[in-house]
Amino acid sequence: MSVSVFDLFSIGIGPSSSHTVGPMRAAGRFAAELGTRGLLDRVVRVRAELFGSLGATGHGHGSEDAVLLGLEGEDCETVDTDLGPVRAQLVRDTGRLRLAGRHELGFDVDTDLVLHRRRALPGHPNGMVFATWLDDDDPAGEPSVARTYYSVGGGFVLGDDGTGRPALAPDPTVVPFPFRSSAELLAHCDREGRSISAIMMANETARRPEREVRSGLLRIWQVMVDCVHHGCTTPGTLPGGLKVRRRAAELNRSLLAERSRFAHLTDPLAAMDWVTLWALAVNEENASGGRVVTAPTNGAAGIIPAVLHYAVNLVPGTGEDEIVEFLLTAGAIGAVYQQTGSISGAQVGCQGEVGTACSMAAAALAEVLGGTPRQVENAAEIGMEHHLGLTCDPVGGLVQIPCIERNAIGSVKAITAARLALRGDGEHTVSLDQVIKTMMETGADMKIKYKETSRGGLAVNIVEC
């Protein structure tokens, strides 16, 4: 299987890649199939069922709106983040749905969109079933068309292979340097005398011209920049009932005032305040349902933009070439996690989300700062090693507490990991592959209540207001 950097960095909406982006894509895929098969005009009823973590925390993660919009043919990259919730509410109020944006039919959200809070499908914690009845079906009988999908993290959606398990469809693209593990990636670097970003670029150009790879990555960077800017200039309170105050705008004003007023003074930790700001800005945007880049998930979307902002703003000589190298390196490390580990909080806890993002960002920064491939791999390993065992326990099922601050801390840890790795020669005891294996074993041992169900940890020890 070959994983593209554009699989790991996709433009979507908040607050969750697995609970918002994934369900929207699955619903859209189901609606599109009905259109392709010429069944759309015959549909008299559609039902969507969400299981496991999707059912347990879907309400707080915006899964219901995502399903409604997906069934109406909206795409997470282009959907209007302001009008989307309005349209979803209109479906609730009128009981009418525009399937694939063309065929209108009755839709009762209370009975046709079911969140099973205590039931899970065997294939994955984030399972969904979509069903359709046609005009000649018995309304009380079995549906004519039913599909099972799994949102496996980062917005990735897989169908069912017929045995109740996710059907993994390998990318058929033949790339010059295939790799699953970090050991295989480093072997390519050693044999070819190339950096990790150069190996990844060679694989990407098997899919599209280099100029398209560069322009695509720079577009992703621009979305990150826009997200940070919007987050830094938008005050207020986050939606969802916890009444969490947005802090990025106030922190931004404070840091700008200090920079202008005390420009002659030197605070050795001032850079970390800015990194914290950039991460908070992204994740407050995500929590409010704004436009973000899944990197590699929405719950961990602030780490890579924050660390890349650090490189662009505070590391001399960082321009477009370095931005591309940063994202390619992060993508290469993310591809190892995607193939040998997990980026799903519902499967392995937040170690798979914030931990993976920290690992990717640490590796990318190490490369931009001149690290060798083995130093880069060491930075990635450090970034994950010190997130092992991190639970996913969102209060109220919302991607707010502790998710937003975890991104800020994860960003600072990524920078520390990169700098620590660069102080060494690349030789270290624990490899990235070993720490990923440990992460998966830790996730398997973790109780389900700590894996994005809001039934353990902070989720049950914080009183909801």
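**Figure 1. Pairing of β7 with β8 in the predicted model.** In this predicted model, Y150 stands opposite L158 of strand β8. Strand β7 covers residues 145–153, and β8 covers residues 156–160. The two strands run antiparallel and are joined by four bridges. Their hairpin has two residues between the strands, and within this hairpin G154 takes a positive phi near 70 degrees.

**Figure 2. Pairing of β6 with β7.** Strand β7 also pairs with β6, in the antiparallel sense and over six bridges. The bridge partner of F130 in β7 is R147. For A131, the partner in β7 is A146.

**Figure 3. Pairing of β2 with β6.** Strand β2, residues 43–50, is antiparallel to β6 and joined to it by seven bridges. V43 has L134 of β6 as its bridge partner. E49 is matched in β6 with V129.

**Figure 4. Burial of strand β6.** Which residues of β6 are buried on each of its faces? On one side these are G127, V129, A131 and W133, and on the other M128, F130, T132 and L134. Both faces of the strand are therefore covered, given that buried means under 20% relative accessible area. The strand spans residues 127–134, and eight of its eight residues are buried.

**Figure 5. The six-stranded sheet.** The strands of Figures 1 to 4 belong to an open sheet of six strands with mixed pairing. Its order is β5-β2-β6-β7-β8-β9. The edge strands, each of which pairs on one side only, are β5 (113–115) and β9 (166–167).

**Figure 6. Helix α4 and the glycine after it.** Helix α4 (residues 63–71) is largely enclosed by the rest of the structure, because eight of its nine residues are buried. The buried residues are S63, E64, A66, V67, L68, L69, G70 and L71. Just after the helix, G73 takes a positive phi of about 90 degrees.

**Figure 7. Domain 1 against domain 2.** The domain assignment gives domain 1 as 15–159 and domain 2 as 182–450. Their contact takes 20 residues from domain 1 and 21 residues from domain 2. The centres of the two domains, taken over C-alpha atoms, are separated by 30 Å. The size of an interface is often given as the accessible area lost when the parts come together. Between domain 1 and domain 2 the buried area is about 1,400 Å², with carbon and sulfur atoms giving 53% of it. On the side of domain 1, P15, E77 and T81 lose the most area to domain 2, together 32% of what that side buries.

**Figure 8. Polar contacts and the salt bridge between the domains.** How many salt bridges are found across the interface of domain 1 and domain 2? The rule finds one. R219 forms a salt bridge with E77, and the closest N and O atoms are 2.9 Å apart. Seven residue pairs are in polar contact between the two domains, counting pairs with both residues at pLDDT 80 or more. The side of domain 1 that touches domain 2 receives at least two residues each from α2 (17–36), α3 (52–61) and β7. The largest share of that side, four residues, comes from α3.

**Figure 9. Surroundings of S411.** S411 lies in helix α17, residues 403–422. Is S411 buried or exposed? S411 counts as buried because its relative accessibility is 0%. Leaving out residues up to four places away in sequence, S411 touches V275, A279, G302, I303, A306 and V307.

**Figure 10. Two cis peptide bonds.** A295 and P296 are joined by a cis peptide bond with omega of about -5 degrees. P296 is in the loop between β10 (291–294) and α12 (303–314). The peptide bond from I401 to P402 is also cis, its omega being near 5 degrees. P402 is placed in the loop between α16 (373–385) and α17.

**Figure 11. Positive phi at K243 and E452.** K243 is a residue other than glycine with a positive phi, near 60 degrees. K243 is located in the loop between α9 (210–232) and α10 (248–261). With a relative accessible area of 65%, K243 is exposed. E452, likewise other than glycine, has a positive phi near 60 degrees. The place of E452 is the loop between α18 (432–445) and α19 (458–461). At 3% relative accessibility, E452 counts as buried.

How values were computed:
Residues are numbered from 1 along each chain as its sequence is written. This is a predicted model: local features need pLDDT of at least 70, side-chain atom pairs count only at pLDDT 80 or more; totals for chains, interfaces and linings use all residues. Side-chain values use heavy atoms; hydrogens and water are left out. Buried means under 20% relative accessible area, exposed over 50%, partly exposed in between (1.4 Å probe, protein chains only). Two strands pair if DSSP finds at least two bridges between them. Domain bounds come from an automatic or database domain assignment. Contact means heavy atoms within 4.5 Å. Buried area is the accessible area (1.4 Å probe) that two parts lose on being put together, summed over both. A salt bridge is a side-chain nitrogen of Lys or Arg within 4 Å of a carboxyl oxygen of Asp or Glu. A polar contact is a pair of N or O atoms within 3.5 Å; within protein, one must be able to donate a hydrogen and the other to accept it, and residues adjacent in sequence count only if both atoms are side-chain atoms.
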